[in-house]
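Dear colleague,

I am handing over the structure we spoke about, and below it you will find my notes on what turned up when I went through it. Please read them with the structure open beside you.

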Amino acid sequence: MSSVTFTDVTKQFGSDVVAVRDLDLEVDDGELLVVVGPSGCGKTTTLRMLAGLEDITSGEVRIGDRVVNGLSAKERDIAMVFQSYALYPHLSVGENLGYPLKLAKMPKRELRERVLSVAGQLQLGELLDRKPRQLSGGQRQRVAMGRAMVREPKVFLMDEPLSNLDAKLRVTMRSEVAELQHNLGTTMFYVTHDQVEAMTMGHRVALMRDGVLQQVAPPAELYRAPANTFVAGFIGSPPMNLVDGRIIDLGEGHLGFSSGSASFVLDAEVLPASERERFEQLVGQPIVIGFRPEHVKLESAGTDGGADASIRLIEMLGSEHLVHLDIAGVELHGAPLPDDESAATSTRILAKLHDDTVDVRQGDNVSVHIAARHIHAFDAESGRRL
Ligand code: ATP
């Protein structure tokens with residue numbers, strides 16, 4: 001087990017592609033850190049630099065106290081699991097599991113004991129004589145994990161290990177992997193482009209964009225206090241609504257915000273004094289305002305303090321409904337959105353309502369209300385959280 005530290009690490013390919021820029025990142029001993037971000041943001045390159053499969057252009061990578069820049073992949077004592085498990089088709093499950101130990105010339109008895117112990121932990125004991133083609137996707141994935149585990153590495157590196165599985169199995173496997181990591185206590189560096197996977201699995205989540213680390217924090221903090229509009233638009237399913245606007249002073253101690261010709265009253269009296277002061281300082285300044293779909297409330301059309309809207313579409317999500325709203329005159333912020341399915345639905349304001357609070361229909365006119373304590377403010381130029 002070991003910590004991992006990136007200090008000012010940059011990776012440049014050729015003269016113009018900077019895949020990772022000035023990366024500072026520390027992974028604690030025993031931590032499960034998930035690196036997430038849209039395609040091409042530098043996740044795999046970061047992992048490959050840690051694995052020793054890619055040279056580092058500048059900066060320093062340490063595993064534990066040891067600088068590993070100059071060490072080969074073999075000398076780093078890490079184990080990797082990729083999207084394609086690359087099991088040996090002609091070897092049985094047991095032989096696949098034992099293969100890394102055989103290469104390391106471990107005595108046979110010890111090898112067998114180690115394989116049996118790992119197979120037991122992964123519930124593969126009954127399958128040791130089967131060939132990979134006789135296994136389900138999830139079982140193959142477990143063999144790949146087991147093959148990494150038998151070596152008892154200092155660090156596990158996982159690059160989208162679940163992306164070949166169907167949606168249901170992914171959900172089961174992600175909790176299995178997280179539980180396994182917890183039981184083993186081995187540091188894990190896990191790469192995915194799926195923010196739900198990142199948020200559910202990671203002790204902390206590092207979000208990258210265009211080679212630059214945007215924020216690294218526990219999932220709850222990323223959700224509650226995104227560092228910028230990119231993080232706000234990436235984390236959360238569906239992502240945060242972002243509009244261009246400004247905080248307005250409505251007199252007699254009331255605050256609101258406007259976006260284009262739409263305006264909202266904020267129930268500012270419920271805000272802690274420090275938050276209220278923060279909003280007061282922002283009055284009049286052009287900013288980006290964010291609010292999550294789960295924090296939007298719908299009331300009857302014309303209710304005081306809300307913005308007029310019509311309901312474009314209602315999507316059933318099970319216990320929740322996703323309501324697509326056209327708010328008259330509102331200016332949506334053109335924030336970059338993740339390249340996943342949710343982006344397609346994020347061109348208008350979204351509200352997520354619990355089943356028991358939905359008494360609206362497509363085409364209805366409603367009044368949209370947002371609670372002041374759920375408002376996020378970002379700088380209009382830099383996108384940084386204010
Ligand atoms: P994905 O989720 O699609 O795998 P990623 O976040 O893992 O993406 P990387 O594979 O790290 O992204 O790539 C980061 C950037 O570096 C991309 O612009 C990519 O085109 C570029 N890149 C990666 N490998 C090379 C290479 N060997 N030569 C040149 N450019 C590369």
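In this predicted model, a polar side-chain atom of T44 lies 2.7 Å from an oxygen atom of the ligand, and a polar side-chain atom of K43 is placed 2.8 Å from a ligand oxygen. The backbone contributes as well, since a polar backbone atom of C41 is found 3.0 Å from an oxygen atom of the ligand. Taken on its own, the ligand has 630 Å² of accessible area, of which the protein covers 57%.

The shell around the ligand consists of F13, V17, A19, P38, S39, G40, C41, G42, K43, T44 and T45. Sorted by class, these residues comprise 5 nonpolar, 5 polar and 1 charged. Two elements, β2 (17-27) and α1 (43-51), each supply at least two residues of that shell, and α1 gives the most, with 3 residues.

The ligand site leads on to the sheets, and I take the one with 6 strands before the other. This sheet is open, its strands follow the order β6-β7-β8-β3-β9-β10, and the pairing is mixed. At its edges stand β6 (78-81) and β10 (212-217), each of which pairs on one side only. From one strand to the next, the twist averages 15 degrees.

Within this sheet, β3 (32-36) and β9 (204-209) pair in the parallel sense over 4 bridges, and in that pairing V35 has A206 of β9 as its bridge partner, while V36 has L207 of β9. Helix α1 packs on this sheet, where it touches β3, β6, β7 (155-159), β8 (187-192) and β9, and its direction makes about 150 degrees with that of β8. Helix α4 (137-149) also packs on the sheet, touching β6 and β7, with a direction that makes about 170 degrees with that of β6.

On the other side of β9 in the strand order comes β10, and these two strands pair in the antiparallel sense over 5 bridges. Here V205 stands opposite A217 in β10. The hairpin of β9 and β10 has 2 residues between the strands, and in it D210 takes a positive phi near 45 degrees.

The other sheet is likewise open and has 4 strands, which are arranged in the order β2-β1-β4-β5 with antiparallel pairing. Because β2 and β5 (66-67) stand at the edges with a single partner strand each, one side of each is left without a neighbour in the sheet. Strand β2 is therefore an edge strand here, and β2 is also one of the elements that supply at least two residues of the ligand shell.

In the same order, β1 lies next to β4, and 5 bridges join these strands, which run antiparallel; one of the facing pairs is T7 with E60 in β4. Strand β4 (58-63) in turn pairs with β5 in the antiparallel sense over 2 bridges, and R62 has V67 of β5 as its bridge partner. These two strands form a hairpin with 2 residues between them, and G64 in the turn has a positive phi of about 65 degrees. Helix α1 appears once more in this part of the model, lying across β1 (4-13), β2 and β4 and running at about 115 degrees to β1.

Finally, there are some backbone details that I would ask you to look at. Most residues other than glycine have a negative phi, and most peptide bonds are trans. Against that background, D77, which is not a glycine, has a positive phi near 60 degrees, and its place is in the loop between β5 and β6. A cis peptide bond joins S237 and P238, with omega at about -5 degrees, and P238 is located in the loop between α8 (229-234) and β11 (241-251).

With best wishes

Technical notes. Residues are numbered from 1 along each chain as its sequence is written. This is a predicted model: local features need pLDDT of at least 70, side-chain atom pairs count only at pLDDT 80 or more; totals for chains, interfaces and linings use all residues. Side-chain values use heavy atoms; hydrogens and water are left out. A residue is near a molecule or strand if one of its heavy atoms lies within 4 Å of it. A polar contact is a pair of N or O atoms within 3.5 Å; within protein, one must be able to donate a hydrogen and the other to accept it, and residues adjacent in sequence count only if both atoms are side-chain atoms. Accessible areas come from the Shrake-Rupley method with a 1.4 Å probe; for residues, only the protein chains shown count as cover. Ala, Val, Leu, Ile, Met, Phe, Trp, Tyr, Cys and Pro count as nonpolar, Asp, Glu, Lys and Arg as charged, and the others, Gly among them, as polar. Two strands pair if DSSP finds at least two bridges between them. Axes are lines fitted to C-alpha atoms, for helices over the stretch in contact, and angles run from 0 to 180 degrees between N-to-C directions. Contact means heavy atoms within 4.5 Å.
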